[in-house]
Amino acid sequence: MGWPLPGPVAVSRAFERPATPFGPGHRGVDLPAPPGGPVIAAADGTVSFAGPVAGRGVVTVTHGELRTTYEPVLPTAQVGAVLRAGEPLGTLLAGHGGCPAPACLHWGLLRGSEYLDPLGMFRRVPPRLLPLGGVNAR
């Protein structure tokens, strides 16, 4: 799994798992980016939804038992399109509430009906400390 935006990515709002299925929380992460920029598939998959939900453009890509969601997006990929990781699926739109930038991509991850933290899909590498004098110091 990779980032759904090209270039350096920052997180402006983290995932907050809801205590109950319909309870408050934040069911994804918000990634600030310029409006009009490309949104790309985070992993290989098939577009299973592309269209408006509650007035916002949404794209859903199915990756086996997982699904990623992207909003607000103007879809460029059609339902049924098979995408490789990094291929464009839409254009980022402005208008995501609470975004500290002109636009934020709300990126979600689901297994069945369970929301997961998309950042949990990245392999975490433990820090490696080097000697004070550099790599060759002993």
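This briefing covers strand pairing, one hairpin turn, one cis peptide bond and the placement of Gly120. The model is predicted. Strands 2, 8 and 6 form an open antiparallel sheet, and strand 3 pairs with strand 4 through seven bridges. Two backbone details are also listed: a cis peptide bond from Glu71 to Pro72 and a positive phi at Ala54.

**The three-strand sheet**

- The sheet is open, holds three strands in the order 2-8-6, and has antiparallel pairing.
- Strand 2 (38-40) and strand 6 (73-75) are the edge strands; each has a single partner strand, so one side of each lacks a neighbour in the sheet.
- On average, neighbouring strands of this sheet are turned by 40° against each other, with direction ignored.
- Strand 6 is joined to strand 8 (residues 88-92) by three bridges, in the antiparallel sense.
- Pro75 has Gly90 in strand 8 as its bridge partner.
- In general, the strands of a sheet pair through backbone hydrogen bonds.

**Pairings of strand 3**

- Strand 3 runs antiparallel to strand 4 (residues 56-63), and seven bridges join the two.
- Within this pairing, Gly51 is opposite Val58 of strand 4.
- Strand 3 (residues 45-53) is also joined to strand 7 (residues 82-83), by two bridges and again antiparallel.
- Thr46 has Val82 in strand 7 as its bridge partner.

**The hairpin turn at Ala54**

- Strands 3 and 4 form a hairpin with two residues between them.
- Ala54 is located in the loop between strand 3 and strand 4.
- The phi of Ala54 is positive, at about 50°, although this residue is not a glycine.
- Ala54 has a relative accessible area of 72% and is exposed, because the cut-off for that class is over 50%.

**The cis bond before Pro72**

- The peptide bond from Glu71 to Pro72 is cis, and its omega is near -10°.
- Pro72 belongs to the loop that runs between strand 5 (66-71) and strand 6.
- Strand 6 (73-75), on the other side of this loop from strand 5, is one of the two edge strands of the 2-8-6 sheet.

**Gly120 and the chain start**

- Gly120 is placed in the segment after strand 10 (114-116).
- The relative accessibility of Gly120 is 44%, so this residue counts as partly exposed.
- Gly120 and Met1 are 119 residues apart along the chain, and 9.9 Å separates their C-alpha atoms.

How values were computed: Residues numbered from 1 in each chain as written. Predicted model: local features only at pLDDT ≥ 70, side-chain atom pairs only at ≥ 80, totals over all residues. Heavy atoms only, no water. Pairing = 2+ DSSP bridges. Helix = DSSP H or I, 4+ residues; strand = E, 2+ residues; numbered from the N terminus. Axes fitted to C-alpha atoms, helices over the stretch in contact; angles between N-to-C directions. Buried < 20%, exposed > 50% of the residue type's maximum accessible area, 1.4 Å probe, protein only.
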